[in-house]
Amino acid sequence: PRELMVSSGFDAAVTDPLGSLELTPPMFGYMTSRLMQFKKVVLFLEGGYDPVAVSQSVIECVRALLGEPTDCIPDISRDRLFHCVLAKFVNTHKTYWRCVQLPDYCRDVKST
């Protein structure tokens with residue numbers, strides 16, 4: 001696809017009372033920067049229950065949309081849970097999106 005619309009819920013933020021994924025605002029910015037390979041990226045704000053975390057995360061996402069460098073480049077090379085989730089995502093979507101491929105650093109991880 002040349003365009004990507006993302007429902008940006010920030011309830012996965014570390015301080016959100018309902019989420020449990022513990023993502024930091026810079027991580028949301030990093031994930032947004034990874035989407036910039038598409039010609040057009042549109043983010044829709046749809047969730048998050050900690051106003052401070054939402055506002056900081058939105059700022060990081062807008063910085064990424066503007067092409068500014070992100071503050072967080074996580075070391076995910078040894079995170080087995082991340083690799084399993086990523087492998088499941090790729091296996092589900094690669095039939096429909098040929099551009100979705102597993103990165104080299106986690107090709108040996110099996111999604112279960």
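**Exercise 1.** In this predicted model, decide whether Ser8 is buried or exposed, and find which residues outside its sequence neighbourhood are in contact with Ser8.

*Solution.*
Step 1. The relative accessible area of Ser8 is 9%. Buried means under 20%, so Ser8 is buried.
Step 2. Ser8 belongs to strand E1.
Step 3. Once neighbours within four places in sequence are set aside, the contacts of Ser8 are Leu43, Phe44, Leu45, Glu46 and Gly47.

**Exercise 2.** Find how many aromatic pairs the whole structure has, and classify the arrangement of the rings of Phe10 and Phe28.

*Solution.*
Step 1. Searching the whole structure gives one aromatic pair.
Step 2. The ring centres of Phe10 and Phe28 are 4.8 Å apart, and their planes meet at 75 degrees. Planes over 60 degrees apart count as edge-to-face, so this pair is edge-to-face.
Step 3. Phe10 sits in the loop between strand E1 and H1, while Phe28 is in helix H1; they are 18 residues apart, and the pair links distant parts of the chain.
Step 4. Phe10 has a relative accessible area of 3% and is buried. Phe28, at 7%, counts as buried.

**Exercise 3.** Check the span of helix H2 against its expected value, and work out where its buried residues lie around the axis.

*Solution.*
Step 1. Helix H2 covers residues 51-65, which is 15 residues. The expected span is 1.5 Å times one less than the number of residues, so H2 should span 21 Å. Its end C-alpha atoms are 21 Å apart, in agreement.
Step 2. Ala53, Val54, Ser57, Glu60, Cys61 and Ala64 are the buried residues of H2. Viewed down the axis, they fall within an arc of 130 degrees, so they line one face of the helix.
Step 3. These buried residues pack against helix H1 and strand E2. Pro51 and Ile59 are exposed, on the face turned away from the buried side.
Step 4. At the start of H2, Asp50 has a side-chain oxygen within 3.1 Å of the backbone nitrogen of Val52. After H2 comes Gly67, with a positive phi near 85 degrees.

**Exercise 4.** Find how many salt bridges the structure holds, and state which residues they join into one network.

*Solution.*
Step 1. There are two salt bridges.
Step 2. One pairs Glu60 with Arg63 at 3.1 Å, N to O. Both residues lie in helix H2, three residues apart, about one turn of the helix.
Step 3. Another pairs Glu68 with Arg63, with the closest N and O atoms 3.0 Å apart.
Step 4. Through shared partners, Glu60, Arg63 and Glu68 form one network.
Step 5. Glu60 counts as buried at 12% relative accessibility, whereas Glu68 is partly exposed at 37%.

Methods: Residues numbered from 1 in each chain as written. Predicted model: local features only at pLDDT ≥ 70, side-chain atom pairs only at ≥ 80, totals over all residues. Heavy atoms only, no water. Helix = DSSP H or I, 4+ residues; strand = E, 2+ residues; numbered from the N terminus. Buried < 20%, exposed > 50% of the residue type's maximum accessible area, 1.4 Å probe, protein only. Arc of directions from axis to C-beta. Contact = heavy atoms within 4.5 Å. Polar contact = N/O pair within 3.5 Å; in protein donor to acceptor, adjacent residues only side chain to side chain. Phe/Tyr/Trp six-rings, centres within 6.5 Å; stacked < 30°, edge-to-face > 60°. Salt bridge = Lys/Arg side-chain N within 4 Å of Asp/Glu carboxyl O.
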